Amino acid sequence: MHCSSGVPSPAEVQAFRFDNPMLEYARARGALLVYPSGHKDFAWFRPEGLPYVAKLVPAVKRVFNVDDDRVHVVGHSDGASGCYTLSAWGATPVASFGAIN
């Protein structure tokens with residue numbers, strides 16, 4: 001999770017999606033990466049933010065064979081705030097949370 005105050009440019013999105021060092025790390029381990037991003041009208045700590053993430057995980061699980069014990073949510077910047085909030089929100093379909101600022 002990341003962002004909640006701005007909207008990245010198309011070039012920034014493209015670079016993040018394809019020039020991201022985490023992609024090779026994930027491929028080598030058979031992992032999936034999902035990058036939800038907030039923006040100025042969609043913050044993680046607003047009412048629409050957390051339900052979106054809570055619905056996103058089961059949606060990914062319907063498409064891919066996912067081990068429930070290996071689903072981790074990590075947030076950076078405002079996404080870290082979202083991780084803290086999601087972890088305190090109640091029962092979630094994830095194994096762990098990590099907040100990086």
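1. In this predicted model, Asp68 is partly exposed, its relative accessible area being 47%. The partner of Asp68 in a salt bridge is Lys61, and the closest N and O atoms of this pair are 2.5 Å apart. Lys61 is likewise partly exposed, with a relative accessible area of 25%. Both values fall between the 20% limit for buried and the 50% limit for exposed residues, so neither Asp68 nor Lys61 is classed as buried.

2. The structure holds two salt bridges. The other pair to note joins Arg27 to Glu24, with 3.4 Å between the closest N and O atoms. Both Arg27 and Glu24 are exposed. Their places in the chain also deserve attention: the two residues are three apart in helix H2 (residues 21-29), which means that about one helical turn separates them. As a general point, an α-helix has 3.6 residues a turn, so residues three or four places apart point the same way. Side chains of opposite charge can pair when their charged atoms come close.

3. The interior should be considered next. The largest nonpolar core has nine residues in all: Trp44, Leu50, Val53, Val57, Val71, Val73, Cys83, Leu86 and Val94. Two elements, helix H3 (49-63) and helix H4 (78-88), each give two or more residues to this core. H3 provides the largest share, three residues. In soluble globular proteins, nonpolar side chains tend to be buried together.

4. Helix H3 merits a closer reading. For its 15 residues, at 1.5 Å a residue, the expected span is 21 Å, and the end C-alpha atoms lie 22 Å apart, which agrees. The buried residues of H3 are Gly49, Leu50, Val53, Val57 and Val60. These residues lie on the same side of H3, because they cover an arc of only 105 degrees around the axis. The exposed residues Lys55, Arg62 and Val63 are on the other side of H3. What lies over the buried residues of H3? The cover includes H4, a helix that also gives two or more residues to the core described above.

5. A final remark concerns strand E1 (residues 72-76), in which Val74 lies. Val74 is partly exposed, with a relative accessible area of 43%. Where does Ser96 stand with respect to Val74? Along the chain the two are 22 residues apart, while their C-alpha atoms are separated by 8.4 Å.

Conventions:
Residues are numbered from 1 along each chain as its sequence is written. This is a predicted model: local features need pLDDT of at least 70, side-chain atom pairs count only at pLDDT 80 or more; totals for chains, interfaces and linings use all residues. Side-chain values use heavy atoms; hydrogens and water are left out. A salt bridge is a side-chain nitrogen of Lys or Arg within 4 Å of a carboxyl oxygen of Asp or Glu. Helices (H or I, at least four residues) and strands (E, at least two) are DSSP runs, numbered from the N terminus. Buried means under 20% relative accessible area, exposed over 50%, partly exposed in between (1.4 Å probe, protein chains only). A nonpolar core is a set of buried Ala, Val, Leu, Ile, Met, Phe, Trp, Tyr and Cys residues joined through side-chain atoms within 4.5 Å. The expected span of a helix is 1.5 Å times one less than its number of residues. The arc is that of the directions from the helix axis to the C-beta atoms. Contact means heavy atoms within 4.5 Å.
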